[in-house]
Every structure is written in structure tokens, then in C-alpha cells.
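Colleague: I'm new to reading structures, and I'd like to take a close look at one part of this model. Could you walk me through a helix and tell me what each of its sides faces, then show me what else is going on?

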Amino acid sequence: MEAVSVKREKLLRLIKELVAIPSITEGPDESRPGLLLAERFSKLAWFREHPECLQLVATPLEGSACALKSLVVRVDAEKSTKQTVLLISHYDVVATECYGELASSAFDTEALGEAFGADSDTLYGRGTMDMKCGAAVEALLLEDFAENRKLFDVNIVAAFVGDEENASAGMRGVLPVLDKMRREGLEFLAAVNTEPGEAGKSGISGPMVFLGTLGKLMPAFYFRGRGAHVGNYYDGSSALLSASQLVCWAEGNPHLADPLHGECPPSWICLDMKSLRTSYSVTVPDRAYAYFNCFTTTNSPALVARQMQAAARWALSRAQEQLTASYIAMPALGYQGSEYRPGPDKVFSLSELRELAEKRCGEGFKKELEQYISELPAGDMRERGIKTVDWIASRAQEEGPYVVCFFLSPWLPVRTDMTEDEKDRKAVAAARAVRKECLEKYGLEMTEVELFAGLCDLSYVGAKVSDEDIEALSENTPGWGTIYSIPLREMQALGLPVINLGASGEAPHRKEERLHLKYSLEILPELLASLIRRLGEK
């Protein structure tokens, strides 16, 4: 019991130390937890003798002036082996505005504990559960392994990254480092994340293990109407009308949902819709956009692209039907203005719009486009992507009304271990053995879930995607490779089984975020070590 108490206190101290760093995504302190961990590791004999096993990886944050450093750590088993388990975690956290008057104490676990009346098993604070506990558990496991390399018969590589709460720039940035290790001979058995269970399955608390992670796409639509003075309303065609028709139809539409094995994530959710104008005008809006969150379990990017085309065609047709009906009814009320003339229902993919622009502008178009993107001011990836589509549309000179279908970032591929692949079966068996151990040794029922619904970086180390899907995305995502990029070859080369075994707590991303200490500090570290050993069994 004394050994457990010492380990618990050591882990609790590190969690509090990490939580005290205000590492808000894309903030000035985002990389500081990685620097702190790197300094801790550098004092150990293993890393002094093998400095190449401790890498701070500079990661570009597309569209941001902020720099990000991720940390990749490697410890080899005493007995030489190629077999390796990959651990991942993130140390960035979401912003603290939701704390209101307590915002200045969001990273002070003691002050928040007093404010919320914490008991002996609860630690409040931004990042306590999501996910600085997981990062700390992985860090101390690596320290123990570095000091006693007989602990495991497999090597361990750990990636501590930032930007997970935004567009996963950290994880995307370390993919080449992980793939280089693979090409140099490491055989990765599985990737294990330590995200809190409650972040991946809302409404359930306590121990959880996940055997996959949910996918995400961002279907986006650019609407081009016809401008006209509002007094000559029927000479125009409102882009916002078409956009609103699409949003009303697609929002929460069960026909667009993607169920798997009797469970279903939410359907499409509109994250933004607005007109593309910068000042007041009494002109019928001729440019607008809308984009959606789209969870995926089986639907591929290519299939979602086809759904987008059908939705856009319906919305455009419905908008023109509404305008036609309006015009027909208006003369009876005394209207004597111009006649409304509907146009064809024109729907383009981004690649098709780009081809039109290239035909109009000639050979110099591609270079013009590259220059335009390179000169875009820093800012949100979505905004920069929409501006790029608007610029292409201006060069295409196609008369509205029409709709352009495209994708925005980020993209998170779905991954499930429920396959017939031998490595997947082994990972599932190891996870289920740990679940059994949790019940038999600690008397706790661990919930098994197929897909981590909170979205996480496991997508990038576990993804198995087809060339058709990559083409659908790369050809129809504005600024692919510049505004937003993924090392696709490296991602495809990994394709690992994935497991999430994380801390227990409540209220991720809310002011009441808190960690349950007994399970997270005393039991989780033992179960994580057991999982690693089981993954390495022959």
C-alpha cells in the first residue's frame, strides 16, 4: 500500500504541475507541457545515453503565427526486439471563458476545489481529465521503463502533442517521425490513447475501453446567386435562400446519419452559415456559404461527396420553386415589377469549378491560385478555405445561381478494430483481457465501446483509407497541402489497431471538468501497463 501511495502522490503532483500550465490551443503556452516533460526525461540515464530517443518536433500550425512543439519519446526493452507499442496523448486544452468569474482560477486545482467543494476523490481544473492525467500517466510509465527496461518485453514510443482540440496539427506533424521509426525497423503493434472515457461516450461514467474512434468530415457548400437591388427582387436570386434551404433539410437529417452495429452518432450539424459580404447593402445576397459537422462510421468521403451533390441540387431547386411561387402570387397583391426567371440547377464539385476557372484564365491560373493562397492572412483554416473557393468562383465567371460542394478541415478518418485482421483481433483480445482484469482485481465493471465518439488523434495512426477517398478529399478541399495538409503516405503506412484506455472523470470542456482520483491515479496506471504487456505477448 505504501508503494501505491508514493506512486499516487507522484502522479498527482505531475498532473497538478501540468494543469497549472495554461496550454490553451493555439495560445502562447501550448507547447510548455511538452517542454516540461522533455526536461524531466532528459535527466534520466537512458535519454542521456540515447539523446536521439527524445525528440522535440516543430509542427507548423497552418494559418497561425503561433509555433507548436510536440514531443516524441522512445524507450527500448532490455532484450532487443522490433515489437513496439505506440502511446499518444495531447497536452493542449480548450479555452476557459465558460468559467466566468472563476476563469482566473481555471488552472488552479486548489482554488477550484474550494470553489466547487471537492471531496477527497475529486480534482477540478481545466485539463485535469482532458487530458493531462493521461499524459502524466504515460510520462511516469516511460520514466519507470527508462529506469528499469525489464518492465516490458516491447519497446514503447510515446507522442505527446498539441492542437488536438483544434485540427490535430501536432499529431499530423509527428506522423513522419513515427513512419521513419517504422521504416528503420520498428514493428508497431497498436496505438494506445489515454483520453478520458467520458469524453468518448457521453452519459456513461467510470472505467471504459474503446476499440476504435469515430470519423469526421466537414461538408461545405458555396452558394452563388444573382445580385439585384431589393426593389428589383425577382431579377436576383438570393444565395442565402438556397443556403437556408439546404441547412433546414440537412440539419439533423436521419437519412444522412451513419449508424454502425445498432448505434448511431448525430447526423449533420451546421457549424456556420452566412453571407459573404463585408458591409451593409440593399442588394440581394449573391454569395454565401454553409458548412457542417458530419460524423462517419462507414460512410466514405466519396460517398459523402455524392450525398452533398444531391443535397445541393435539392436546395437549389427548392429555392427556385419558392421564388417562382412567390412571383406567381405577387401580381394579385399589386406587384408590377420584373418577372422571375429560374435557371438550371447547376451544382459543381470544387474540382469542376477549378477546371472552369482554368479554362477561362488559361495556363497562368494554377500559379495565380498558389500565389493567392500563399498571401492569405493568418487565420482560421475554414475562413481561408472559403475565401479560396470564392476567389476560384470569381475566376470561373459562371453565372448564378449555382452551388459548389467541397470539404473543409479537419478530416478525421474512422477506425474500428472490429475486423478480421490478425493485429486487430490481437488488440481486441488484449483490451478485453484488461477489462476482465479490472473486474476481477479491482471489482470494477469496465464498459467496452466500439468507437470513441469524442474524436481523437487515434484517427491518424489507425486510418485505413482508399485512394478513392483520398482523391475525393484532396481534389475538393481548398488549399489541400497548404491551408491544410496530412502526410498521407505516412498515415496509410501506419494503419495500426487502436485502443483508448483513459482516466475517469466528468464534464470535459465545461467549467465543472473534474478527475476521479482513485481510479485514475491508482488503477489506470496498472491497467495501462498490463495492456502493454498483453499486446506484446506472442
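Modeller: Let's start with the outward-looking side of helix 11: Lys367, Glu370 and Ser374 are exposed there. Keep in mind that this is a predicted model. Now turn to the opposite side of helix 11, which spans residues 365-374: here Phe365, Leu369 and Ile373 are buried. Those three cover an arc of only 70° around the axis, so they sit on the same side of helix 11. If the spacing of the numbers looks odd to you, here's the general rule: an α-helix has 3.6 residues a turn, so residues three or four places apart point the same way. And what lies over the buried residues of helix 11? The cover includes helix 10 (350-361) and helix 12 (381-396).

Helices also pack on a sheet in this model, so to speak of that we need the sheet itself. It's an open sheet of eight strands, in the order 1-2-5-3-6-17-7-16, with mixed pairing. Strand 1 (54-59) and strand 16 (447-449) are at the edges; each has a single partner strand, so one side of each has no neighbour in the sheet. On average, neighbouring strands of this sheet are turned by 20° against each other, direction ignored.

Two helices are worth finding on your screen. Helix 6 (residues 169-183) packs on the sheet and touches strand 1, strand 2 (68-75), strand 3 (83-90), strand 5 (155-161) and strand 6 (187-193), with its direction at about 30° to that of strand 2. Helix 17 (residues 517-535) packs on the sheet too, touching strand 3, strand 5, strand 6 and strand 17, and its direction makes about 160° with that of strand 17.

Strand 6 shows up in both of those lists, so let's zoom in on it. Six of its seven residues are buried, so strand 6 is mostly covered. Strand 6 pairs with strand 3 in the parallel sense, over six bridges, and asparagine 193 in strand 6 is the bridge partner of isoleucine 88. Strand 6 also runs parallel to strand 17, joined to it by three bridges; here asparagine 193 stands opposite asparagine 500 in strand 17.

Follow asparagine 500 one step further and you'll see where the mixed pairing comes in: phenylalanine 210 stands opposite asparagine 500 as well. Strand 7 (residues 208-210) and strand 17 (residues 498-501) run antiparallel, joined by two bridges.

How values were computed. Residues numbered from 1 in each chain as written. Predicted model: local features only at pLDDT ≥ 70, side-chain atom pairs only at ≥ 80, totals over all residues. Heavy atoms only, no water. Buried < 20%, exposed > 50% of the residue type's maximum accessible area, 1.4 Å probe, protein only. Helix = DSSP H or I, 4+ residues; strand = E, 2+ residues; numbered from the N terminus. Arc of directions from axis to C-beta. Contact = heavy atoms within 4.5 Å. Pairing = 2+ DSSP bridges. Axes fitted to C-alpha atoms, helices over the stretch in contact; angles between N-to-C directions.
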